[in-house]
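Here's a friendly walk through a protein model for someone meeting it fresh. Have a look at the sequence and the structure, then read on.

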Amino acid sequence: MNAAGTPGSHRASRIRLAGDQDVVDRAELDRLRELNFTAMVDAALATPAVRRRWPDLAPGMTTADLRRLPLLSSRELADGSPPHSPEFQLGGDGPGMVLRSSGTASKPKMMYHSWEFNHQVGTLGARGLLAATRSAPARRVANCFYPAELSGGAFLFTQDVIRLANARSYPLASQTSPAETAAVVAEHAVDALAANPGYGVEVLTGSSPKLIASLRYFFYIGELLGEARRAAIAEAAPRLTVRSLAYSTSETGPIGYQCEQLSGATHHVHEDAVVVEVVDERTGEPLPDGATGEVVITALSDTGMALFRYRIGDVGAFRTSPCTCGSAARLLTLHGRTATSLNIDTEVVSSDLLLGQLGRLGITEPADCQLQVLPEPHGHRLRLLLSSRTPEWITTQAVVDCLSDAQQLRAVLTSAQCLGFSVERVPAELFARTDRGKVPVLYTHPSAG
């Protein structure tokens with residue numbers, strides 16, 4: 001068992017983590033989770049600004065009492081983030097690291113992570129990497145995440161994970177061209193690639209098999225891989241093991257990890273470090289195992305920022321059966337994101353609405369489509385990009401007819417501000433990416449503001 005605290009910090013952390021969660025029994029996991037939750041509640045009650053933020057907090061609360069607290073939205077976190085407000089800062093303004101976290105359609109959040117919490121994040125990440133490669137550890141890892149502008153959480157996280165897992169890092173970052181990354185992989189016999197799905201697929205599908213022959217693993221983070229990307233990787237590198245590096249957010253740190261028996265969208269939960277709830281999206285009431293609902297996270301920390309019942313924007317369900325690896329940690333399977341949305345004129349268009357309509361044409365994968373808004377002086381043009389995996393018979397008129405059946409989309413297409421709509425079929429690697437390498441379904445060209 002190890003402490004999450006680090007030397008030289010302004011206050012020692014009481015958070016305790018299991019050394020190897022997969023060999024700890026259920027009773028010990030529950031004990032650690034409750035001890036860490038108590039430490040978090042005590043720290044919140046000792047910080048006046050945080051206590052005012054959650055007036056229902058009380059001494060002696062357990063995780064069973066969490067449902068008494070309201071759900072915390074991304075917007076509320078953004079509005080109360082430092083430096084504008086101290087309402088989430090446990091123990092006040094202390095040393096640590098500042099990260100900017102934002103979704104494709106949400107207000108940015110400024111996360112003030114203490115060095116204690118940052119160490120906890122790295123420790124959990126290393127736990128996940130070691131579990132995913134237990135029989136054949138990764139030794140040389142190319143870190144290809146976005147590294148700068150206060151948004152380099154994934155890059156810094158991966159550096160820490162590689163260090164704590166006693167491997168060697170190649171910090172290439174996402175600005176390195178896929179061709180140059182492949183050349184480094186070949187020259188140094190790199191055995192693992194860590195990147196966002198979009199960038200990773202470009203490297204793996206656009207490189208000569210000879211250049212990437214040393215790769216044994218592809219680790220992704222930041223968004224779901226999706227079946228279309230998984231199929232493309234399997235075709236280009238059939239012997240490659242593909243796993244999630246971590247189920248994590250910049251706000252909460254790691255939530256889950258994959259052992260060697262897991263793949264796709266299922267993860268073990270870091271039971272000693274987070275409380276995961278699957279709740280009804282409308283009522284906030286917890287749902288039984290096996291039922292699909294909104295994923296809500298309480299990140300257990302007594303330093304940095306307090307996040308009770310944070311809505312991270314994912315939809316998932318707890319598995320009702322244990323993992324074949326023997327771990328007592330519960331399994332969480334993700335089923336996608338809660339709907340992201342974009343304001344186009346006066347209409348709110350959601351990713352769910354777009355995909356729901358395009359599904360009638362056989363387009364069901366988020367990785368296969370992107371609706372772009374291109375601003376012009378007197379309005380905007382709309383461009384729907386379809387990947388080359390989509391059926392070739394889908395024409396612009398077929399898409400217009402399909403989308404027009406939805407009132408919001410019809411209003412957008414017929415608005416006087418819409419100067420044109422086109423459908424283009426391009427390789428998925430040409431879809432627009434955010435600065436951090438994510439490929440959103442809804443995208444506004446940067447010239448918009």
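Arg31 counts as partly exposed, at 39% relative accessibility. Its side chain meets that of Glu28 in a salt bridge, with N and O 2.9 Å apart. Both residues sit in helix 1, three residues apart, or about one turn of the helix. Bear in mind that what you're looking at is a predicted model.

Now for some salt bridges that reach across the chain. Arg26 in helix 1 pairs with Glu271, which sits in the loop between strand 13 (266-269) and strand 14, and the two are 245 residues apart. Glu271 is buried because its relative accessible area is 1%, under the 20% cut-off. Arg26, at 27%, counts as partly exposed.

Arg216 and Asp191 make another such link: Arg216 is in the loop between helix 7 (197-206) and strand 9 (217-220), Asp191 is in the loop between helix 6 (178-188) and strand 8 (192-195), and 25 residues separate them. Asp191 is buried at 6% relative accessibility, while Arg216 is partly exposed at 31%.

Here are the three pairs with their N to O distances.

| Salt bridge | N to O distance |
|---|---|
| Arg31 and Glu28 | 2.9 Å |
| Glu271 and Arg26 | 3.1 Å |
| Arg216 and Asp191 | 3.1 Å |

Side chains of opposite charge can pair when their charged atoms come close. A search of the whole structure turns up 24 salt bridges. Some of them share partners, and in this way Arg26, Asp30, Arg33, Glu34, Glu271 and Arg330 are joined into one network.

Back to helix 1, which spans residues 26-45 and also holds Asn36. Is Asn36 buried or exposed? Asn36 is buried, with a relative accessible area of 0%. A polar atom of its side chain lies 2.8 Å from the backbone oxygen of Arg16. If you skip its neighbours within four places in sequence, Asn36 is in contact with Arg14, Ile15, Arg16, Asp272 and Leu300.

What about the nonpolar side chains? In soluble globular proteins, these tend to be buried together. The largest nonpolar core here has 36 residues, and the members that touch the most others are Trp54, Leu57, Val276, Val295, Phe308 and Leu332. At least two residues of this core come from each of helix 1, strand 14 (274-279), strand 15 (293-299), strand 17 (307-318) and strand 18 (331-337). Helix 1 gives the largest share, six residues.

Leu57 is a good one to zoom in on: leaving out residues up to four places away in sequence, it touches Val41, Ala44, Leu45, Leu69 and Phe308. Apart from the largest core lies another core of 27 residues, including Leu384, Leu409, Val412 and Val441.

Finally, step back and take in the whole thing. The protein has eleven helices and 24 strands. Its C-alpha atoms fill a box of roughly 60 × 50 × 40 Å along the principal axes. A compact globule of 449 residues would have a radius of gyration near 22 Å, and the protein's own 22 Å agrees with that.

Of the 449 residues, 53% count as buried. The accessible surface is about 18,700 Å², and carbon and sulfur atoms account for 52% of it. Among contacts with a separation of 6 or more, 66% are between residues 24 or more positions apart.

Note on methods:
Residues are numbered from 1 along each chain as its sequence is written. This is a predicted model: local features need pLDDT of at least 70, side-chain atom pairs count only at pLDDT 80 or more; totals for chains, interfaces and linings use all residues. Side-chain values use heavy atoms; hydrogens and water are left out. Helices (H or I, at least four residues) and strands (E, at least two) are DSSP runs, numbered from the N terminus. Buried means under 20% relative accessible area, exposed over 50%, partly exposed in between (1.4 Å probe, protein chains only). A polar contact is a pair of N or O atoms within 3.5 Å; within protein, one must be able to donate a hydrogen and the other to accept it, and residues adjacent in sequence count only if both atoms are side-chain atoms. Contact means heavy atoms within 4.5 Å. A nonpolar core is a set of buried Ala, Val, Leu, Ile, Met, Phe, Trp, Tyr and Cys residues joined through side-chain atoms within 4.5 Å. The radius of gyration is taken over C-alpha atoms; the globule rule is 2.2 Å times the number of residues to the power 0.38. Accessible areas come from the Shrake-Rupley method with a 1.4 Å probe; for residues, only the protein chains shown count as cover. A salt bridge is a side-chain nitrogen of Lys or Arg within 4 Å of a carboxyl oxygen of Asp or Glu.
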